[in-house]
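Biologist: Please take me through how to read the fold of this chain, one feature at a time.

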Amino acid sequence: MKELVGNCSQCKKPVYCLEGFLNGVHINGTLLCFSCSEERDQNPGSLASADRRNKSDNIS
Ligand SMILES: [Zn+2]
């Protein structure tokens, strides 16, 4: 069973739900396909801020 969930908010490709498995991701109410969500993950700015958070945890 293939059900159209919506369109990717970045590339406008249709995102489907296949057998209960979403063919993309939902972030803060925004629908993204897998390729656009991977581009977000590879953003160096978000990685740097996560690393900084870990260091402050070690200090305290
Ligand atoms: Zn996309």
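**Reading strands and pairing**

Modeller: Start with one cross-strand pair: histidine 26 stands opposite leucine 31 in strand 5. Keep in mind that the model is predicted.

Biologist: Which strands pair there, and in what sense?

Modeller: Strands of a sheet pair through backbone hydrogen bonds, either parallel or antiparallel. Here strand 4 (residues 24-27) and strand 5 (residues 30-33) are joined by four bridges in the antiparallel sense. The two strands form a hairpin with two residues between them. In that turn, asparagine 28 has a positive phi of about 50°.

Biologist: In what order do the strands of the open sheet lie?

Modeller: Three strands make up that sheet, in the order 1-2-3, with antiparallel pairing. Strand 1 (2-7) and strand 3 (21-22) are the edge strands, each pairing on one side only.

Biologist: How many bridges join strand 1 to strand 2?

Modeller: Five, and the two strands run antiparallel, with strand 2 covering residues 14-18. One position to look at is lysine 2, which stands opposite leucine 18 in strand 2.

Biologist: What elements does the protein chain contain, and how do they run from the N terminus?

Modeller: The protein chain has two helices and five strands. Read from the N terminus, the elements run β-β-β-β-β-α-α.

Biologist: What share of the residues is buried?

Modeller: Burial is judged by counting neighbours: a buried residue has 20 or more other C-beta atoms within 10 Å of its own. In this protein chain, buried residues are 8% of the 60 residues.

Biologist: And of the contacts between residues at least 6 apart in sequence, what share joins residues at least 24 apart?

Modeller: In the protein chain that share is 16%.

Conventions
Residues are numbered from 1 along each chain as its sequence is written. This is a predicted model: local features need pLDDT of at least 70, side-chain atom pairs count only at pLDDT 80 or more; totals for chains, interfaces and linings use all residues. Two strands pair if DSSP finds at least two bridges between them. A residue is buried if 20 or more other C-beta atoms lie within 10 Å of its own, exposed if 12 or fewer, and partly exposed in between; C-beta atoms are placed from the backbone. Two residues are in contact if their C-beta atoms, placed from the backbone, lie within 7 Å.
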